[in-house]
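Subject: Structure handover

Hi,

Here is the structure for you to load. My notes follow below it.

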Amino acid sequence: GFKMGIVGLPNVGKSTLFNALTRTAAAQAANFPFCTIEPNVGDVGVPDDRLEKLAALAGSKQIIPTRMTFVDIAGLVKGASKGEGLGNQFLANIREVDAIAHVLRCFEDDDVTHVEGRVDPVADAATIETELMLADLESIEKRRAGLVRKLKGSDKEAQQQDRLLAAAQEALEDGKPARVVEVEAEDAKAWRMLQLLTTKPVLYVCNVSEDDAAEGNALSAKVAEMAAAEGNSHVVISARIEEEISQLEAEEAEMFLGEMGLEEAGLDRLIRAGYALLRLETYFTVGPKEARAWTIREGTSAPQAAGVIHGDFEKGFIRAETIAYDDFVALGGEQAAKEAGKMRAEGKGYRVKDGDVLHFLFNT
Ligand code: GDP
């Protein structure tokens, strides 16, 4: 599955947000299953209205959303790369995530201490990014030193790694995150495997006060500008509101959102923004037993998509029968879609599209 790490300076609202995320998921157990893996790790169901519609049409007994993992990575402070706070321990946690949700304090409250003594989300973002850049630099130096012997031979893999590490190092020494490096397609995988912290896509989460939840404020507007300039994305959320919502039943929550002038829970937007940031897509498997959503990266081939369900599905892949979500719903279900000629047989080269309803045929 895909993992998002929640980072941010102390007292910006990370735990409030994480607890809301996991509690909401726990409360809506049937549709949004949540399980605690470790105290700071939560699996959250990805909200998707399409799944309910498919289940209703197919009479599925169970609805199983696809999941996204959130990790609350506390302890990031100025000096972390030098071992301050929880130091390097949590940096290792960040290496493992696919993307970073960076919570920024965009609320004023004299009762909540700011570690730097002022509310400035853009400066806070820079503080954290600097720590991540320093941590990357340090690990690059170590890794390059470790490659020196291999480079004396003609180890192609070592050469590729060193070349990529050198490019990242150059950017970092120039004061830029490694994500500014433009990587050729043939290097993309090796580049990802380096797991540099500053190559991870960032979703800035502007934590605003309850009153600013609907419209944002001047601080979140600055963050939006910064995110756009960096090619990252942002969402405006009130962790406090999300915390309150997480304690309500679904119906009450709807009403509460309406009163606050919000169309949907911020957490839903957060999860979806993370999904989009990672260029993830959803396909469905639908039957009388269950309607289920699965996550793939954009552009995934049919056999690879089958492999998300089970490795054997990928190995023995023969073909996929597919109906587009819109056809499935417009025609009123699988049988009708089939009769209307909307079920297609697709082979190994097919790139699964977001919303495809799939059946896989495979050899065992
Ligand atoms: P963390 O250290 O980043 O995990 O921050 P917490 O989630 O523990 O929040 C720190 C403090 O800020 C707590 O007392 C929260 O209740 C408070 N807090 C979080 N979000 C908001 C907010 O939107 N407005 C206000 N006024 N306080 C908030």
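Helices here are DSSP runs of H or I with at least four residues, numbered from the N terminus. With that numbering, helix 1 supplies the largest share of the shell around the ligand, three residues. Please keep in mind that this is a predicted model.

**Ligand shell**

The shell has 16 residues, and Gly-13, Lys-14, Ser-15, Thr-16 and Asp-109 come nearest to the ligand. Helix 1 spans 14–27 and helix 8 spans 239–245; each supplies at least two residues of the shell. By character, the shell splits into five nonpolar, eight polar and three charged residues.

Asn-11 sits in the loop between strand 1 (2–7) and helix 1. Its phi is near 70°, a positive value in a residue other than glycine. Most residues other than glycine have a negative phi. Is Asn-11 buried or exposed? Neither label fits: Asn-11 is partly exposed, because 13 other C-beta atoms lie within 10 Å, while buried needs 20 or more and exposed 12 or fewer.

**Strands 7 and 8**

Strand 7 covers residues 202–207 and pairs with strand 8 in the parallel sense, over five bridges. One bridge partner pair is Cys-206 with Val-236 in strand 8. Helix 7 (residues 218–230) joins these two strands in a right-handed β-α-β unit.

Why is strand 8 largely enclosed by the rest of the structure? Strand 8 runs over residues 233–237, and four of its five residues are buried, so the rest of the structure largely encloses it.

Val-235 lies in strand 8. Val-235 counts as buried because it has 22 C-beta neighbours inside 10 Å, and the cut-off is 20 or more. Leaving aside neighbours within four places in sequence, Val-235 is in contact with Leu-203, Val-205, Gly-266, Arg-269, Leu-270 and Ala-273. Take Ala-273 from that list: it is 38 residues from Val-235 in sequence, yet the C-alpha atoms are 7.5 Å apart in space.

**Loops on either side of strand 7**

Gln-195 is in the loop between helix 6 (188–193) and strand 7. It is not a glycine, but it has a positive phi of about 55°. Gln-195 is partly exposed, with 15 other C-beta atoms within 10 Å.

Glu-210 lies in the loop between strand 7 and helix 7. Glu-210 is also partly exposed, with 13 other C-beta atoms within 10 Å. Which residues does Glu-210 touch, not counting those up to four places away in sequence? They are Ser-238, Arg-240 and Ile-241. Arg-240 is 30 residues from Glu-210 along the chain, and 6.8 Å separate their C-alpha atoms.

**Helix 9**

Helix 9 (residues 250–259) is hardly covered. How many of its 10 residues are buried? The count is zero. Just after helix 9 comes Gly-261, with a positive phi of about 75°.

**Domains**

The protein is divided into domain 1 (2–277) and domain 2 (299–362). Their centres, taken over C-alpha atoms, are separated by 31 Å. Five residues of domain 1 are in contact with eight residues of domain 2. On the domain 1 side that touches domain 2, three residues are nonpolar, none is polar and two are charged.

**Strands 11, 12 and 13**

Strand 11 (residues 317–323) has two partners to check. Strand 11 runs antiparallel to strand 13 (residues 357–362), joined by six bridges. Strand 11 is also antiparallel to strand 12 (residues 344–346), with three bridges between them. Thr-322 takes part in both pairings: its bridge partner in strand 13 is Leu-358, and its bridge partner in strand 12 is Arg-344.

Best wishes

Conventions:
Residues numbered from 1 in each chain as written. Predicted model: local features only at pLDDT ≥ 70, side-chain atom pairs only at ≥ 80, totals over all residues. Pairing = 2+ DSSP bridges. Right-handed = clockwise from strand over helix to strand, strands pointing away. Near = placed C-beta within 6 Å. Nonpolar A, V, L, I, M, F, W, Y, C, P; charged D, E, K, R; others polar. Domains from an automatic or database assignment. Contact = placed C-beta atoms within 7 Å.
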